[in-house]
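Please open the model in your viewer and keep the sequence panel beside it. The stops below say what to select next and what is to be found there.

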Amino acid sequence: MILCKNNKIQSLKVNIFTKYYFSRVLDHMNILYNLLMNKVEITLSILKLFNVKIKQFVNERKNVIKTLEKEISKNEKYIWIHVASLGEYEQGLPVFEHVKSLYKNHKIVLSFFSSSGYNVRKNNKISDITVYLPIDTIKNVNKFLDIINPEMAFFVKYEFWPNYLKSLYKRNTPTYLISGVFRENHWFFKFYGSWMRKVLGSFTHFFVQNNSSKKMLSKFNLNNCSVMGDSRYDRVMELLNQNNEVLFLKEFKNKKTCIVAGSTWEEDDDLIIKFINSNSSTNNCWIIAPHQIKLKYIKKIQSQIKLNSILLSELNFENSQNVNLIIVDSVGLLTKLYSYADISYVGGGMGRSGLHNTLEPAVYKVPVVIGKNFKNFPEVSQLIKLNGIISVSNYDSFESKIRKLIQSHNMRKEMGEINFEYIKSKVGASKKVMIYLNERK
């Protein structure tokens with residue numbers, strides 16, 4: 001009995017010591033993170049003197065607080081939505097539309113982290129105010145949230161900013177993650193990520209894409225979670241109802257087989273250019289939309305292609321039927337351009353830059369060709385197995401697959417139907433979020 005009592009006392013001491021130790025570790029990690037964020041802000045203010053991109057990043061955030069002070073009214077109620085970039089905005093859009101419809105008496109503040117997303121969607125149908133997200137320092141966070149005073153907040157997919165999340169939690173602001181994905185190899189599920197797991201506890205509810213994400217959160221007692229699916233399927237299905245007309249593209253295509261290559265990087269363009277120069281035909285036409293719109297690079301592509309080509313900005317009725325290749329020199333049109341495709345190629349997979357959205361062309365019932373790198377894209381793996389998407393690893397396989405697709409209308413039609421039916425079977429994620437919110441309104 002005495003031995004048993006001593007063991008219990010010893011166990012209690014160990015538990016108390018363990019809790020104390022980890023609380024100290026968490027405190028230290030929070031301090032280190034805040035020191036890092038402050039140092040980042042100071043460093044960027046110095047580096048902007050020597051780097052144009054950093055200068056742009058800093059200047060873009062300089063007037064956010066002033067803009068909010070000017071635009072925000074204390075007589076209004078606000079909802080804050082934050083996305084990293086354009087992809088996350090498009091992914092969350094069906095949910096945002098439902099939120100706007102459900103909370104008609106609220107105004108929406110939308111924030112972006114990246115300039116690519118902000119510049120394309122700073123004028124949008126969802127938000128009343130669109131800004132950049134200030135760096136995650138305690139000072140910036142308190143200013144930002146004091147002004148907006150949001151009644152609820154939404155983050156999309158991978159956006160985890162500790163100070164913003166902790167401050168929202170302290171303010172008792174309902175905070176939701178939309179289309180979240182959690183994998184076992186995420187660093188905050190490692191032993192050194194315990195401080196970040198505590199931050200995850202700031203979310204009121206997680207809406208995740210799959211059961212494995214829910215199980216992963218559950219392992220760490222984060223049970224406030226629902227499987228919603230992926231709202232990207234809802235979003236791409238909406239593309240069929242938008243006005244997809246691009247001036248003079250109908251005349252440009254003119255019954256030819258049209259191959260649209262979207263969000264291409266140099267590794268992708270090398271394959272495409274080589275194929276075009278070796279397989280030119282007046283029965284085919286091409287639209288190439290580079291991921292980075294830089295005139296110098298666009299001119300380089302144009303100079304390497306033997307086919308008669310033109311920039312999209314130069315296209316008009318007179319010249320539309322005299323060229324077989326268009327290079328896109330503007331942003332925001334890709335989802336419309338895919339509607340003209342008979343075959344699509346989605347860039348990013350030949351190199352390490354990251355595969356871009358394959359669902360955008362797939363919804364138009366066209367086959368999709370990609371490069372060899374598509375890890376962490378489960379829908380791509382599934383559609384490859386179903387034969388809606390083709391992955392190529394080098395020029396020879398690219399040439400072989402594109403040539404077959406050009407020659408076979410039936411193959412294109414069959415692959416396109418597979419892609420569309422797959423997307424159709426996945427819609428409905430945003431409605432699940434709305435049912436949850438409506439029940440708690």
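**Stop one: an aromatic pair**

Select Phe220, which is partly exposed, with a relative accessible area of 29%; buried here means under 20% relative accessible area, exposed over 50%, and partly exposed in between, using a 1.4 Å probe and protein chains only. Before going further, note that this is a predicted model, in which local features need pLDDT of at least 70 and side-chain atom pairs count only at pLDDT 80 or more, while totals for chains, interfaces and linings use all residues. Residues are numbered from 1 along each chain as its sequence is written, and side-chain values use heavy atoms, with hydrogens and water left out.

Now add Phe189, which is buried, with a relative accessible area of 8%, and then Phe188, which is buried too. Phe188 and Phe189 form an edge-to-face aromatic pair, 5.1 Å centre to centre with 75° between the planes. Rings of Phe, Tyr and Trp (its six-membered ring) pair if their centres lie within 6.5 Å, and planes under 30 degrees apart count as stacked, over 60 as edge-to-face and the rest as tilted. Phe189 and Phe220 form a stacked pair, at 5.2 Å centre to centre and 15° between the planes. Phe189 lies in the loop between strand E5 (175–180) and helix H8 (194–200), and Phe220 in the loop between helix H9 (211–218) and strand E7 (225–227), so the pair ties together parts that are 31 residues apart in sequence. Helices (H or I, at least four residues) and strands (E, at least two) are DSSP runs, numbered from the N terminus.

**Stop two: strand E9**

Select residues 284–290, strand E9, where 7 of the 7 residues are buried, so the strand is largely enclosed by the rest of the structure. On one side the buried residues are Asn284, Trp286, Ile288 and Pro290, and on the other Cys285, Ile287 and Ala289.

Extend the selection to strand E8 (residues 257–264), which runs parallel to E9 and is joined to E9 by 7 bridges; two strands pair if DSSP finds at least two bridges between them. Across this pairing, Ile259 stands opposite Trp286 in E9. Next add strand E11 (residues 325–327), which pairs with E9 in the parallel sense over 3 bridges, and look for Ile287 opposite Ile326 in E11.

**Last stop: helix H1**

Finally, select Ile46, which is placed in helix H1 (residues 2–47) and is partly exposed, with a relative accessible area of 47%.
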